[in-house]
Amino acid sequence: MHIGIDLGGTKTEVLLLNTHGQETFRKRLPTPQGQYAAILHTIQQLVDEAEQHAGQPCSVGIGTPGAISPATGLMKNSNSVVLNGKPLRTALESLLQRPVRLENDANCLALSEATDGAAAGAAVVFGVIVGTGTGAGIVVHGKVLTGANAIAGEWGHNPLPWPEPAELPGKACYCGKHGCIETWLSGTGFQAEYQLATGTTLAAAEIVQLATAGDVIAEQCLQAYEERMAKSLAHVINILDPDVIVLGGGMSNIQRLYTNVPQRWGNYVFSDQVNTRLVAPHFGDSSGVRGAAWLGANHHRLGRNGY
């Protein structure tokens with residue numbers, strides 16, 4: 001049995017999978033805000049409950065924003081800033097009394113969909129999260145690609161490719177740069193574009209509904225979003241040439257993206273034909289926590305050093 005934990009900014013979720021990938025237990029708790037010790041306690045509580053349900057020791061994998069620095073062993077690049085600079089994996093291994101496989105949440109999305117989801121069987125998978133932030137993970141032949149600096153797939157903190165003059169220098173990003181892809185393609189970035197055009201603050205889903213109903217400004221904002229996503233993913237295709245790109249996060253629920261973005265990205269991909277597929281996650285919001293469980297399964301089989 002394999003336990004997956006999805007440590008999010010607002011909620012922490014546990015999922016118990018059997019060896020056939022079937023869900024047998026799930027629970028969510030609010031993530032304590034700005035309280036590192038309380039976050040550790042919440043994870044321990046969820047693991048204990050899942051293991052009691054399993055009735056046996058289980059492997060544990062955890063998906064979290066950010067990554068473990070190879071240089072220090074401490075967390076870095078997390079938008080849940082209380083985690084940064086903390087020995088999260090070491091602390092959890094001590095608390096849970098077992099090895100723990102910990103990966104970026106976008107890596108977990110990519111692994112889940114590459115294992116038994118929308119990208120099952122694909123050689124190279126790029127899993128994108130477009131939600132509150134924008135990140136991505138890479139899976140090659142069923143294995144997470146972490147990279148020498150533990151930043152493989154950090155797509156959101158590159159500049160928007162082929163920007164229009166009006167898009168320069170770009171909006172300020174929390175990372176300290178301007179014009180990062182995250183500032184354009186995150187849900188908050190999309191909402192900010194609509195607010196700038198109308199003076200009205202709406203949720204992304206409400207803007208999409210307006211566009212569907214024929215609202216001209218909402219439609220313009222959505223078309224601009226599609227063009228920026230096409231450029232940004234074309235940049236990835238030119239470098240990685242993945243078989244499949246899977247979208248996750250709140251913005252992945254916009255169904256027209258799966259048709260309109262591939263129609264646009266051919267203008268920017270350095271090829272006469274683009275065979276890369278853009279797909280929705282088979283497991284929806286559950287992909288991240290499923291990927292975390294598969295992390296633990298592979299760790300259990302292969303040992304502490306993982307893949």
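**Pockets, a cavity and helix contacts**

Reader: What is the volume of the largest pocket?
Author: This is a predicted model, where local features need pLDDT of at least 70 and side-chain atom pairs pLDDT 80 or more, while totals for chains, interfaces and linings use all residues. Residues are numbered from 1 along each chain as its sequence is written, and side-chain values use heavy atoms, without hydrogens or water. On a 1 Å grid over the protein atoms alone, a pocket is an open set of points with protein on both sides within 12 Å along at least five of seven lines. With volume taken as the space filled by probe spheres set on the points, the largest pocket holds about 1,100 Å³.

Reader: Which residues lie nearest the centre of the largest pocket?
Author: Lining residues have an atom within 4 Å of a point. The largest pocket has 41 of them. Nearest its centre are Asn79, Asp105, Ile129, Thr132 and Gly133.

Reader: Which elements each supply at least two residues of the lining of the largest pocket?
Author: Elements are DSSP runs, with helices (H or I) of at least four residues and strands (E) of at least two, numbered from the N terminus. Two strands and two helices qualify here. They are E1 (2-7), H3 (105-116), E9 (134-140) and H9 (287-302).

Reader: How does the lining of the largest pocket divide by class?
Author: Ala, Val, Leu, Ile, Met, Phe, Trp, Tyr, Cys and Pro count as nonpolar, Asp, Glu, Lys and Arg as charged, and the others, Gly among them, as polar. In this lining the classes come to 10 nonpolar, 24 polar and seven charged residues.

Reader: What is the volume of the largest cavity?
Author: A cavity is a set of points where a 1.4 Å probe fits but cannot get out. The whole structure has one cavity of 30 Å³ or more. The volume of the largest cavity is about 40 Å³.

Reader: Which helix gives the most to the lining of the largest cavity?
Author: Its lining is Trp184, Phe190, Glu193, Cys221, Ala224, Tyr225 and Arg228. Helices H5 (187-198) and H7 (216-240) each give two or more of these residues. By class, the lining has five nonpolar, no polar and two charged residues. With four residues, the top contributor is H7.

Reader: How are H6 and H7 set to each other?
Author: Contact means heavy atoms within 4.5 Å, and Ile207, Val208, Leu210 and Ala211 in H6 meet Ala218, Glu219 and Leu222 in H7. This contact has six nonpolar, no polar and one charged residue. The axes of H6 (residues 204-212) and H7 come within 7 Å and cross at roughly 115 degrees. Angles of 65 to 115 degrees count as roughly perpendicular, so H6 and H7 are roughly perpendicular.

Reader: How are H5 and H6 set to each other?
Author: Phe190, Gln191 and Tyr194 in H5 meet Ala204, Ile207, Val208 and Leu210 in H6. That contact has six nonpolar, one polar and no charged residues. The axes of H5 and H6 come within 9 Å and cross at roughly 55 degrees. Angles under 35 degrees count as roughly parallel and over 145 as roughly antiparallel; 55 degrees falls in the rest, so H5 and H6 are oblique.

Reader: Which two residues does a cis peptide bond join?
Author: Omega at this bond is about 0 degrees. Pro169 sits in the loop between strand E10 (143-144) and helix H4 (181-185). The cis bond joins Leu168 and Pro169.

Reader: What is the phi of Asn77?
Author: Asn77 lies in the loop between strand E6 (75-76) and helix H2 (88-96). Asn77 is not a glycine, yet its phi is positive, at about 65 degrees.

Conventions: Axes fitted to C-alpha atoms, helices over the stretch in contact; angles between N-to-C directions.
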